[in-house]
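Student: Could you zoom in on one loop residue for me, and then work outwards from there to how the chains fit together? I'd like one connected walk-through rather than a list.

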Amino acid sequence: MSAENGTTPAATPAATPSELKAEMLRGAQSVATAPAPNKNRGITSDLSIDEALLLHAAGWEPVDLVCGVSIASVPYGVWTWGQGEISTASTAHNAAVQGASNRILEECRKVHGHGVVGVRIEVEVRNHHIDVELVGTAVRPVGDASPPALPFVSDLSARDFTLLKGAGWMPAGLAFGASFVYAPRRSAGAAMQQKTQNIELTNFTQAMYAARESAMERMQQSAINVGGHGVVGVKVTEGPMSFARHAVGFTAWGTTVKLVADVHKNITPQVILPLDDAVVTFAAQNLRGS
Amino acid sequence: MADPAEDLPEAAVRRFSSGAFSSGLTVPDFAACLQLGLQPVGLVQGFCVMQWGWYGSGSSYMRGANPYSMGGQTAGAYSESYRCPHGYVSAEHRMWGQNLEQPWVEQAWSSGYHSAYARMLEEATALGAHGVIGVVDRVTQVSDSQTSEFHFLGTAVTVDDGPPPAGGTPWTTYLAGQRLTKSIEAGFMPIAVVASMASVRVWAYCITEYLMEGGRGWGNPNQVQEVEQVTKAHMAVRQLARKHVRQQLVGDALHGVEIDVVKRELAQGDEVIDCTIRGNRVRRFKDFDNVPAPRPTVRLS
Amino acid sequence: MTQPADLPKDATHRLEELEHGLFTSDLSVNEFLLVKEAGFHPLGFVMGSSIYHIGLQTRKWGESQELTKLTEAMYTARELAMTRMEEEAEELGADGVVGVRLDVNYYEWGSDSAEFIAFGTAVKAEDGTSYKNALGKPFTSDLSGQDFWTLLQTGHVPQGLVMGTCVYHIAHRKLTQALGSVGQNVELPNFTQALYEARELAMTRMQDEASQLNASGIVGVRLEEKSHQWGSHTIEFLSLGTAVTKTTGEVTLPTPLTIISLDN
């Protein structure tokens, strides 16, 4: 497959202004008459035009918009203050992400996509349930309708996908891990004693550190499970639950990647010096107020 | 069909007859537009306020009732029922639940959207435009009164030496400027901005209610499980929205899709989920020419 | 290699996985490619944290002064977090850590205490040269992947993230003074002096750290000012930068191409 070998289709030089006008004219003429009936399914893609063109330059094309949603219930009483890790919450989070990933993969398979790029991930942790939504565009090498055994899901933009592919890497899946923990308690006596001192709170440090590492570790494990060589673009989020401020959740997300070429290919960038100043641009949206 | 100019507000007619053009394009977009041989002829807009819903649609007294069970219209495409497995009969225990598509809501939305869009096209036609670029569309809910405003804004253009479009209807696109140039260079001609909406109502049954509200007992297992009814409703609403959009495409492609999901939670596990999909409908007018492979760069600013 | 005594169990388990070949990094794809281009490979995402209780310090309402106890607290807490992060990097056999970020978190249940976290990606030179700094430790730097690549092209290497901090209390003005200047354009000498002195203290301390590393200079200096939870008359000045030294290599940065971008 030429796309897999890293060669890109031959490129044409950029158009001159008169060529652009000719193109526009051709386009306008093509819609001046009613079109022949078209039996195609019609692709939908949420890639911007820049991304779609980059993808094409790498020899791949968008196939369809795909989604996956899952809502996992959290049993009663899980958030009441306790000790250590809130394992039920971690299980629920994991279940919701897995469920959503499975559904988006199913939709990808149905349209014979080789993988999903640009996945937008939305997670909402509520008192009684955890909701996960994934939306992305299924893609495949141009004209190749045979699906691979395990399509990939990745939150890489089409642009990053193209860059990585050019360097010899492919996404293998979405890496994620989560852990939820109760904030440890301090006795009143200890609190009074520590009032004037500069001192590390070792209990707290241990608890938060452990939870953060645990989330990262689960993320690494999910990468190993799909046979990945590494995880890029790791994003770690953390914060207390809005409905239970003594419970803190840590999540780690990233894209699992695999080296598919023999060696990493270097990219040799060109250094540029832009001459624009930052200007405030006028946009049509501003005309509407609101 | 009535003379298009009769339908427009009087102010619009005065604005158009003044001769000078206004446009919503930024300076770089304006430059790119002229490069393509497009002449802006004026800023055009369309507007519509729609109300829908029918009396009692939110009330729990009319639970499960809908225009189909009450009226005799044709049924919506999607519905799924759920039965309580407990065998316990009580006014508090919901033995029956349903995921139901709400075509009356979808039709009202579609009607409002297309009316506003058509009015924008009318203004464009009055100016003799071939197309409208840089379209900006907005739907706003007006508080809880089930009223929505649809507003369209765009820059009408003519193509230098170009023919009028088929059927006298200008082509439209969300793109403008460099992005439109790239799209044309790649061989995609804009046809129209396309949007559609799907709405699904979840009438929760006992299991769903307990899972979503954290209730105990009644067979609610104290373990994590997927809330099947609500999950299916979410998947269905997105699939339906895509299906409706595809019907409008007639085989053409939809680029730059935006998908918006709004969820309104009513009491006791019930929800209404609305999903809107919009994008640019485009058609290939020449074989794909690759743009030159981009050069990776590092900025020094 | 002995286990670093300071890290929690979960950390060592995670690091072991990384030593078996899996790498993790919080570099974006652009940064990842540039780091590879510079001849380094990411080893793993490393972090260190410390929850620190910051003791009370009395201060005179009418005097501008440095609150040394608070300065010490902020400094020690960050050092603890950074040291743990460096330990994780050493455990992985790294030459350095890039993209270091220092964050402070406050939780409602911990009044007067804050969590200090340091994150970064540990990297190692692919050709086996050691890039450890004058203290024999992996270098740390808050440079992004792009800046790291550009720095190496200029013939410099990072030595370490250096910081200087100063917590300063600004005297409240006496009522008579305040009334005297109502409606006038006037410099407020109290404030001017206080803020000047505080900033200088922070920057001097940062430069001292750089000298300890035998650095020839500091790049990317950032001066941050925060009141944290102390009210508006107590400000922490934090000065951060990356200390660098010149290597014997020549400058390989090519002449840049000047452009005017037409994209918004």
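Tutor: Let's start with His112(A), which sits in the loop between α3 (87–110) and β2 (115–125) of chain A. Keep in mind that this is a predicted model. What makes the residue worth a look is its backbone: His112(A) has a positive phi of about 60°, although it isn't a glycine. Most residues other than glycine have a negative phi. As for its surroundings, His112(A) has 16 C-beta neighbours inside 10 Å, so it counts as partly exposed. Being buried would take 20 or more, and being exposed 12 or fewer.

Chain B has a residue to put beside it. Val250(B) is not a glycine either, and its phi is positive, at about 50°. You'll find Val250(B) in the loop between α8 (228–249) and β8 of chain B. It counts as partly exposed because it has 15 C-beta neighbours inside 10 Å.

Back to the chain we started in. Chain A has six helices and nine strands, and 47% of its 290 residues are buried. If you take the contacts in chain A with a separation of 6 or more, 77% of them link residues that are 24 or more positions apart.

The helix on one side of our loop, α3(A), takes us to chain B. That contact takes 73 residues from chain A and 79 residues from chain B. On chain A's side, α1 (17–30), α2 (49–57), β1 (60–73), α3, β3 (129–141) and β9 each supply at least two residues. The largest share comes from α1(A), with 11 residues. Sorted by class, chain A's side of this contact has 41 nonpolar, 24 polar and eight charged residues. There is strand pairing across the two chains as well: three bridges join β9(A) to strand β10 (residues 297–299) of chain B, and the two strands run parallel. One residue pair to click on is Val271(A), whose bridge partner in β10(B) is Val298(B).

Now for chain C. Here the contact takes 50 residues from chain A and 48 residues from chain C. The elements of chain A that each supply at least two residues are α4 (158–166), β6 (199–200), α6 (202–225), β7 (230–241), β8 (244–259) and β9 (270–274). The largest share, 14 residues, comes from α6(A). The class split on chain A's side is 24 nonpolar, 17 polar and nine charged residues. Strands pair here too: two bridges join β7(A) to strand β1 (residues 23–24) of chain C, in parallel. In β1(C), Thr24(C) is the bridge partner of Val231(A).

The strand after the Val250(B) loop leads into a sheet. In chain B, an open sheet of five strands has the order β2-β3-β7-β9-β8, with antiparallel pairing. β2 (79–83) and β8 (253–265) stand at its edges with a single partner strand each, so one side of each has no neighbour in the sheet. From one strand to the next, the twist averages 10°. The partner of β8(B) is β9 (residues 271–284) of chain B, joined to it antiparallel by 11 bridges. Ala253(B), for example, has Val282(B) as its bridge partner in β9(B).

What ties the chains together inside? The largest nonpolar core has 219 residues, and those with the most contacts inside it are Ala96(A), Ile104(A), Val237(B) and Ala118(C). Its largest share, 12 residues, is supplied by strand β7 (residues 188–203) of chain B. Have a look at Ala118(C): beyond its neighbours within four places in sequence, Ala118(C) is in contact with Met47(C), Gly48(C), Ala81(C), Met82(C), Met85(C), Val100(C) and Leu102(C).

One last stop in chain C is Gln207(C), in helix α6 (residues 189–212). Gln207(C) has 19 C-beta neighbours inside 10 Å, so it counts as partly exposed, given that buried starts at 20. From Gln207(C) to Thr154(C), it's 53 residues in sequence and 22 Å in space, C-alpha to C-alpha.

Conventions
Residues numbered from 1 in each chain as written. Chains lettered and ligands numbered in written order. Predicted model: local features only at pLDDT ≥ 70, side-chain atom pairs only at ≥ 80, totals over all residues. Contact = placed C-beta atoms within 7 Å. Helix = DSSP H or I, 4+ residues; strand = E, 2+ residues; numbered from the N terminus. Nonpolar A, V, L, I, M, F, W, Y, C, P; charged D, E, K, R; others polar. Pairing = 2+ DSSP bridges. Axes fitted to C-alpha atoms, helices over the stretch in contact; angles between N-to-C directions. Core = buried A, V, L, I, M, F, W, Y, C linked by C-beta atoms within 7 Å.
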